[in-house]
Amino acid sequence: MCRLVFYGKLLVSITDKQYHESFLPRLKVCKHKSKEGVVERVQDERTVIGKGLFKKETTMDKFIGLKVVLSSGELGVIDGTFGTSGKFRVSIPGGLKPDTLLQLSVQKKKRAKDLNTPSTEAEEKESIKLHLKFKRYIYDSNKRMIQAT
């Protein structure tokens, strides 16, 4: 048997039968979410191509303009899709650090040398990761993603 008892002053009494449409959207209850992908390659020193953050079917419109953080410390913004396989373009306003450029060029050379061999777990750990963190309000009918600035 379970009993719950609450004590306090009642602030709002809800009598509306359509409370899920009228009252719940005003509640600011959110879930913190995060996604992780990897940098596939460098397009130029201010733009990288990422993968693994989204599925192929994902509509990218809601994610454009969200901020991502590279595991090497740079901050970037999702610009849009790149192709149709779930890849995306990230612009880095401050540009990539020289160390990051060097690491990505070494990965590119390794990939070019070993085209037929699949990537191993050690190579995946070496790759530069992209982290996307946002919160989504549970009762928001538009399912928007909000980031703290």
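How many helices and strands make up the secondary structure of the protein chain? In this predicted model, the count comes to three helices and seven strands. Read along the sequence, these elements follow the pattern α-β-β-β-β-β-α-α-β-β. A helix therefore opens the pattern, and two strands close it. The chain has 149 residues, and 26% of them count as buried.

Salt bridges were examined next. Side chains of opposite charge can pair when their charged atoms come close. A search of the whole structure finds three such salt bridges. Two of them involve E40. In one, E40 pairs with R41, and the closest N and O atoms are 3.1 Å apart. In the other, E40 pairs with K87, again with the closest N and O atoms 3.1 Å apart. The pair of K87 and E40 links distant stretches of the sequence. K87 lies in the loop between β4 (75-81) and β5 (88-91), whereas E40 lies in strand β1 (residues 30-44), so the pair ties together parts that are 47 residues apart in sequence.

Is E40 buried or exposed? E40 counts as buried, because its relative accessibility is 13%, below the 20% cut-off. Its partners fall in another class. R41 is partly exposed, because its relative accessibility is 34%. K87 is also partly exposed, with a relative accessible area of 21%.

The third salt bridge joins R144 and D140. Here too, the closest N and O atoms are 3.1 Å apart. D140 is buried, with a relative accessible area of 12%. R144 counts as partly exposed, at 47% relative accessibility. Salt bridges that share partners join E40, R41 and K87 into one network.

Attention then turned to charge on the surface. Which residues form a positive surface patch? The patch is made by K31, K33, K35, K55, K62 and K143. Two of its members can be placed in loops. K55 lies in the loop between β2 (47-51) and β3 (67-70). K55 counts as exposed, because its relative accessibility is 61% and the cut-off for exposed is over 50%. K143 is found in the loop between β6 and β7. At 41% relative accessibility, K143 counts as partly exposed. The backbone at K143 also deserves a note. K143 has a positive phi of about 55°, although K143 is not a glycine.

A nonpolar patch is found on the surface as well. L11, V12, I14 and Y19 make this patch, which covers about 420 Å². Y19 belongs to helix α1 (residues 19-22). Y19 is partly exposed, with a relative accessible area of 40%.

Some residues that are far apart along the chain have C-alpha atoms separated by a few ångströms, as two pairs show. The first pair is L132 and S34. These residues are 98 residues apart along the chain, yet their C-alpha atoms are separated by 5.5 Å. L132 lies in strand β6. L132 counts as buried, because its relative accessibility is 0%. The second pair is Y139 and K28. Along the chain they are 111 residues apart, while their C-alpha atoms are separated by 7.9 Å. Y139 sits in the loop between β6 (129-137) and β7 (145-146). Y139 is partly exposed, with a relative accessible area of 34%.

Cysteines were considered last. How many disulfides does the structure hold? The structure holds zero disulfides. Two cysteines can be described by their exposure. C2 counts as exposed, at 67% relative accessibility. C30 counts as partly exposed, because its relative accessibility is 27%, and partly exposed covers the range between 20% and 50%.

Terms used
Residues are numbered from 1 along each chain as its sequence is written. This is a predicted model: local features need pLDDT of at least 70, side-chain atom pairs count only at pLDDT 80 or more; totals for chains, interfaces and linings use all residues. Side-chain values use heavy atoms; hydrogens and water are left out. A disulfide is a pair of cysteine sulfur atoms within 2.5 Å. Buried means under 20% relative accessible area, exposed over 50%, partly exposed in between (1.4 Å probe, protein chains only). Patches are made of residues with over 30% relative accessible area and no salt bridge: like charges are joined within 9 Å, nonpolar side chains (Val, Leu, Ile, Met, Phe, Trp, Tyr) within 5 Å. Accessible areas come from the Shrake-Rupley method with a 1.4 Å probe; for residues, only the protein chains shown count as cover. A salt bridge is a side-chain nitrogen of Lys or Arg within 4 Å of a carboxyl oxygen of Asp or Glu. Lys and Arg count as positive and Asp and Glu as negative; His and the chain ends are not counted. The place of a charge is taken as NZ of Lys, CZ of Arg, CG of Asp or CD of Glu. Helices (H or I, at least four residues) and strands (E, at least two) are DSSP runs, numbered from the N terminus.
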